[in-house]
Amino acid sequence: MATHLVWLRNDLRLNDNSALWAACRRREDRVIALFIATPEQWRRHNMSPRQADYIWRSLQLLQQGLAEKGIALHYHQCDDFNAAVSYLQQFCRERQVKALFYNYQYEFNERERDAAVERLLPQQGVTVQGFDDGVLLPPGSVRTGNQKMYKVFTPFSRACLKRLRDDLPPCLPAPEARADATADEPSTLTPFDYPRHSIDEQLFSPGEAAALRRLREFCRQQVVDYPARRDYPAYESTSRLSVCLAVGTLSPRQCLHRLLREQPHALEAGPGSVWLNELIWRDFYRHLLVAFPALCKNQPFMAWTKQLAWQQRPEQFNAWCEGKTGFPIVDAAMRQMNATGWMHNRLRMITASFLVKDLQIDWRRGERYFMSVLIDGDLAANNGGWQWAASTGTDAVPYFRIFNPTTQGERFDKQGEFIRRWLPELAAVPDSAIHDPHGWAKKNHQRLDYPQPIVEHKAARQQTLAIFEAARKASPVISPEQVNEQF
């Protein structure tokens, strides 16, 4: 009887877990699992305390689920990835592990860690097997006719949809219970050595069962209304599954299969196709991380944007972080994120555009702040979204297209329902004036306990255009591939 080890990371589920399924293929093998917490590494990567709490709570539920399958989940905490690799070697020796199974992660540091494991463990007789599990299609499998990574989303999406129509990736069931498993006591899951910030379980219930319930509910009806309602933050019209996908209590293939069960024509532009496109965006950003690892190293995709003359403006940056810019839609969005750890996607675009295009502050500062607060923080999606908004990324919004935060608010929260939810100091302002509260207050001789706008949008827009145009003229033409080679 051989001992198989499943090394769990951002795949905290029993169902559709490629590594777990492969480890359990043979009934006669003993299967154990291991999760290694690396708080110091998390700090370097700006993981939010809420996400750490969600992981810890989900891990507790997973340990119970694995125990019911006859699989003990062991737990260890160490500082960083180097210490994790050393501990994994020691654990495999002590437990006489013959085969290690894990699901790939695509960030640069994680890939270097896994390369070290694949190099070292075979030297002590351990077979190592990894799987593409957190994506619909493996990175590198969707390429142009010239066998290169797509740099524009629309053709990438079309190619993905064709692949999915031709050959739907399987969705694996949970492994069967191992009634003959050797008794093995699981580890005690002590709280992480990390800042504590408890999650709101009504908004973000931890664990696999809760993720599957939410997925089923969303795909039955909400996904049909999603195209018409998804941009309006006052509505509960989005799936709120991003944290489940980031931590791995749910897989993208589970999302695809459930969607097709409820909406069979989603692959042919039928109901559900708009939400499916969001899942493909998620894949797109992961494929880009693998093709262009410099994205993991604070580098813009478009090389000429390295010349942009970003401003420091610490007071304005703090006002943005705290939701005190004087622009209601921006402030309501930031306060929503600070209070809950989550922000509506339309608002992520608006707040990012405001930081970069109105305040001329480096997008990387905003990217790091989002990661430090978001419960669904995910390097690929967060970096992709920020570079899109900053006009530095692949298939990004053109630099001369600059969101007007006031008109964005008027368009997507016309009556100010969302704004009032997060800015109670504007409760007395009528609907018609909610996007210009100080104009209303001046006209009606009212006093508001709300900040004046910290910038004049029209003037800021002209400054931003000048900054981008100067950078374009000053920069040599360098391809993304050349940027990648430099890092």
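## A walk through the structure, from one residue outwards

Let us start at Q89, a residue found in helix α4. Keep in mind as you look around that this is a predicted model. Is Q89 buried or exposed? Its relative accessibility is 18%, and because buried means under 20%, Q89 counts as buried. If we leave out residues up to four places away in sequence, Q89 touches L120, L121 and Q124.

Now step back and look at the sheet. Which strands form it, and in what order? Five strands make an open sheet, and reading across it you meet β3-β2-β1-β4-β5, with parallel pairing. At the edges stand β3 and β5 (127-131), each with a single partner strand, so one side of each is left without a neighbour in the sheet. From one strand to the next, the twist averages 25°.

Strand β2 is a good place to pause. This strand covers residues 30-37, and eight of the eight are buried, so β2 is largely enclosed by the rest of the structure. You can check this on both of its faces: R30, I32, L34 and I36 are buried on one side, while V31, A33, F35 and A37 are buried on the other.

What does β2 pair with? One partner is strand β1 (residues 3-8), joined to β2 in the parallel sense over six bridges. To find a point of pairing, look for H4, whose bridge partner in β2 is V31. Try following the chain here: it leaves β1, passes through helix α1 (residues 18-23) and arrives at β2, making a β-α-β crossover that is right-handed. Another partner of β2 is strand β3 (residues 72-77), and this pairing is also parallel, over six bridges. Two pairs of residues help you see it: F35 stands opposite Y75 in β3, and A37 stands opposite Q77 in β3.

Next, add the helices that meet these strands. Helix α3 (residues 49-68) lies across β1, β2 and β3, and runs at about 150° to β3. Helix α4 (residues 81-95), where we began, packs on the sheet and touches β1, β2, β3 and β4 (97-103). The direction of α4 makes about 155° with that of β2.

Between β1 and α1 there is a loop, and D16 is found in it. How much of D16 is accessible? Its relative accessible area is 0%, so D16 is buried. Setting aside neighbours within four places in sequence, D16 is in contact with D133, P170, C171, L172, P173, S251, R253 and Q254. You can also compare D16 with D283: the two are 267 residues apart in sequence, and from C-alpha to C-alpha they are 17 Å apart in space.

Our last stop is the largest pocket, which has a volume of about 1,200 Å³. How many residues line it, and which are closest to its centre? There are 43 lining residues, and those closest to the centre are E278, W281, N345, R348 and A381. The elements that give two or more residues to this lining are α8 (242-247), α10 (273-291), α13 (345-358), α15 (379-390) and α16 (405-412). Which element gives the most? That is α10, with eight residues in the lining of the largest pocket.

Key
Residues numbered from 1 in each chain as written. Predicted model: local features only at pLDDT ≥ 70, side-chain atom pairs only at ≥ 80, totals over all residues. Heavy atoms only, no water. Buried < 20%, exposed > 50% of the residue type's maximum accessible area, 1.4 Å probe, protein only. Helix = DSSP H or I, 4+ residues; strand = E, 2+ residues; numbered from the N terminus. Pairing = 2+ DSSP bridges. Right-handed = clockwise from strand over helix to strand, strands pointing away. Axes fitted to C-alpha atoms, helices over the stretch in contact; angles between N-to-C directions. Contact = heavy atoms within 4.5 Å. 1 Å grid on protein atoms, 1.4 Å probe; cavity = no way out; pocket = protein on both sides within 12 Å on 5 of 7 lines; lining within 4 Å. Points joined across faces, edges and corners; volume = space filled by probe spheres on them.
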